[in-house]
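This report introduces the structure shown below. It is written for a reader who meets the structure here for the first time.

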Amino acid sequence: MDKRFAGLKLLLCGLLFTVAASAGLLDKLDQLGGSAKQQDFLPPEQAFVFSHETYEQQRLPLVWTVAEGYYLYRDKLKFESPDGSAVIGKPQFPPAEEKQDEAFGRVAIYKHELKLALPVTPAAGASKVQLKITYQGCAEDGICYPPIHQTLSLPVAAVSAAPAPLAVEPPGGRAAESLDADRLSTLLANSGLPVIAATFFGFGLLLALTPCVFPMVPILSSIVVGERGPAGAGRGLLLSVVYVLAMAATYAAVGLTAGLFGRNVQAAFQHPVVLVAFSALFVALALSMFGFFHLQLPQALRQRLERSHQGSRGGSLAGVALMGVLSAVIVGPCVAPPLAGALLYLAHEGSPVVGGVALFALGLGMGVPLLIVGASAGHFLPRAGAWLERVQHVFGVVSLGMAIWFLGRVLPPTLTLALWSLLLIGTGIFLRALEPLPELASGWQRLWKGLGLALVTYGGVLIVGAAAGADDLLKPLAPFTSASENQSLERKQAFTTVKSAAALEAAIQQASAAGQPVLLDFYADWCVECKRLERETFGDPRVAQRLAGFTLLRADVTANDETDRALMAGLSLFGPPAVLLYDPAGQERRDQRLIGFAGPAEFLARLAALGAP
Amino acid sequence: MNRNVLIGAVALMAVGSGLAFRHLSPPAPPPTAAASDPLTVTFSDLQGQAHALSEWRGKVLVVNFWATWCPPCLKEIPSFVELQKRYGAQGLQFVGVALDDREAVASFIASRDINYPILAGEEDVARYMQAQGNTIGALPFTLVFDRNGRLRHTQQGEWSPEESARVLADFLAH
């Protein structure tokens, strides 16, 4: 028997690594695809890519990367501190090229790259310095860009490697009120590494209170209790610490990757191939939970572990660590919407260290309740036995549910609903829902039969709903309640679907020619929060009324193909749900960008801030 | 056994009625879109007086966006002056709209002989250009409206004297 498990175990591990590797590869491919696309003329932020390094020793290193065929004027570079929070010295300009200009005569220009260190002396008592940097340039092929303004806000005692976010002002010098993509970024801008770590720890604590983390509690307690009876409190705590550390390390790896690639890690994990692989993994786990085979470490490794932990009770440390990693993977998708905000910030940060530390802190925060459970489990949890088998069966069902949930991102929603129904009916039948009770049935037997019947019934309702085209697990009969069906049809019609960045650009132009603001909704069939957003927020009569004057665009990224990923990458998005608002001039209001779900009241506030008719 | 047959029958009926209901659901009407007239926009002249582009409706109207800091813009202006001189009587009208500081524009045109109206603005000009398809906001940018006020030609970047003469002569002939 053991040989078979050993093989399977290795197979599973291999699968996980393949998934991780292919995610990275996809990311790379995507980058290649993105740079191959070229327009006639580049938008200014691509023609002149501006960035800065850490402000240290009263010097701010500035870097412009100038696209091939474009150049910057040396004499149009301007540095100011609009609020007088700093005194700006004369920078040392590197040697410039000379260009014979028909209008201006000989001018000094920079091609390819310009690097300079700007002397910035903070005013006495200033904790932050405000800088406004202006530059201007042209393309060799006969166009010029209006002066571009960058507003920077830098902490004076910058001990960390965390640069402040950039604010790009649109041409014409509009006030820089839209600084960041979301509030989390604002919160974290200007803070040092310890502050970032502390914030993410707190963030993790909050996540621990979501239902996402609950499934980890029984996993952990079954490990701590083990097959040889409850471990002592000390041993329990040790096992939980290992479990939590492994989980946190997994998140740290994700954060590190986000920082390294500065790109969409999550989107890569939404690739159908990856999702199907995960789904298969969960089916395998479920089968093992049901006792079709026994999942454990290779025998040789297990024996060695047992030798090294002789006398110890409960699970082996390596096994616990592996469970921690697996749990992080399991829970990851569940906490994806809040993680998106964090990853957005970390990708923007572009620092692997910050990314790793931040998400490690996040994982630790999420693990605090688990540590408490682990430390106390030895006291109040009963010995392993029949109950553990039950727990394993419950986890088998949960694993199958996870498999369906992953598949739901690639399968049509109706088919997904049908799978859910099969799971519920199957579970119900295992609970003996359709078997007669013995004459002297115990209370427990009656309870289980009742629960089983309820599951079978709901499963039946789901099948009916699926056949009618319902796609919502919680409202399977929605197609039959005609009012809501008509409404949702109407709303689906009102959105114009845009696929590519070019189509989006054209649609925004058309709207702004008509003087209409634009709402751009990123949607995918597999995105539960998107559906909730559509139903609860866009479906709210007040919101619907407020949106009457809007051009409603929808980017359906269900396929998550290269075009979709290029579109999201171009807008620094990590995947749905996301709602972008553009004013009637066609400018996106980054400050009102919505990542994740927002209820009608919050969403109305964003619309109000847009100042639309 | 009987009970199983019953369950199967009920399930089949439920699936059938669900499928039937799906096909009976009515479709919703398609949305409509409205477009506004791009000539209703107004820009100030150098004295601060507002002018709507619709003032020149009925002519072949060339709206040239330029700036004093834009060498390719300055390069094409003499050819526009020439075209205005040659075709003005046939109903060709150039209007220069500067995305620039009004004083800089005033001192620039004082030293030139420009025979068509010059308007100027900053953010309003940038926004209008964007609405007309200049998403990158770069200059020069030129729009040609026909006598009915319809946008017929959009030029991003420098417009060579030969090309502009050819396109405009074509519009004037119709």
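## Report on the predicted model

### Backbone geometry

The structure is a predicted model. In chain A, residue A:H112 is not a glycine, yet its phi is positive, near 65°. A:H112 sits in the loop that connects β7 (105-110) with β8 (113-122) of chain A. Is A:H112 buried or exposed? A:H112 is exposed, because 12 other C-beta atoms lie within 10 Å, and a residue with 12 or fewer counts as exposed.

A positive phi also occurs at A:R432, about 65°, although A:R432 is not a glycine. A:R432 belongs to the loop between α14 (413-430) and α15 (443-467) of chain A. With 14 other C-beta atoms within 10 Å, A:R432 is partly exposed.

Chain B contains a cis peptide bond, which leads from B:L139 to B:P140 and has omega near -5°. B:P140 is placed in the loop between α4 (123-131) and β6 (141-145) of chain B.

### Confidence in chain A

The mean pLDDT of chain A is 72, and 67% of the residues in chain A reach 70 or more. Within chain A, confidence is lowest in helix α1 (residues 2-36), with a mean of 35, and highest in strand β3 (residues 70-73), at 91. The pLDDT is below 50 over residues 1-39 of chain A, a stretch that has 39 contacts in the model beyond near neighbours in sequence. Residues 308-314 of chain A also have a pLDDT below 50, and this stretch has 13 contacts beyond near neighbours in sequence. Where pLDDT is low, the predicted coordinates should not be read in detail.

### Strands of chain A

Strands of a sheet pair through backbone hydrogen bonds, either parallel or antiparallel. Chain A has an open sheet of four strands in the order β1-β2-β8-β5, and the pairing is antiparallel. At the edges of this sheet are β1 (48-52) and β5 (86-88) of chain A, each of which pairs on one side only. From one strand to the next, the twist averages 30°.

Elsewhere in chain A, what covers strand β17 (residues 578-582) cannot be read from one face alone: five of its five residues are buried. On one side of β17(A) the buried residues are A:A578, A:L580 and A:Y582, and on the other side they are A:V579 and A:L581. In a regular strand the side chains alternate between the two faces of the sheet.

The table lists antiparallel strand pairs of chain A, with one pair of bridge partners for each.

| Strand pair | Bridges | Bridge partners |
|---|---|---|
| β1(A) and β2 (residues 59-66) | Five | A:S51 and A:V63 |
| β15 (residues 518-523) and β17(A) | Five | A:L520 and A:L580 |
| β17(A) and β18 (residues 594-595) | Two | A:A578 and A:I595 |

Strand β17(A) is thus joined to β15 of chain A and to β18 of chain A. A:L580, the bridge partner of A:L520, is among the buried residues of β17(A). A:A578, the bridge partner of A:I595, is also buried.

### Chain B as a whole

How many helices and strands does chain B have? Chain B has five helices and seven strands. Along the sequence, these elements follow the pattern α-β-β-β-α-β-α-β-α-β-β-α. Of the 174 residues in chain B, 33% are buried. Among contacts in chain B between residues at least 6 apart in sequence, 64% link residues at least 24 apart.

Technical notes:
Residues are numbered from 1 along each chain as its sequence is written. Chains are lettered from A and ligands numbered from 1 in the order in which they are written. This is a predicted model: local features need pLDDT of at least 70, side-chain atom pairs count only at pLDDT 80 or more; totals for chains, interfaces and linings use all residues. A residue is buried if 20 or more other C-beta atoms lie within 10 Å of its own, exposed if 12 or fewer, and partly exposed in between; C-beta atoms are placed from the backbone. pLDDT is the predictor's confidence in each residue, from 0 to 100. Two residues are in contact if their C-beta atoms, placed from the backbone, lie within 7 Å. Two strands pair if DSSP finds at least two bridges between them. Axes are lines fitted to C-alpha atoms, for helices over the stretch in contact, and angles run from 0 to 180 degrees between N-to-C directions.
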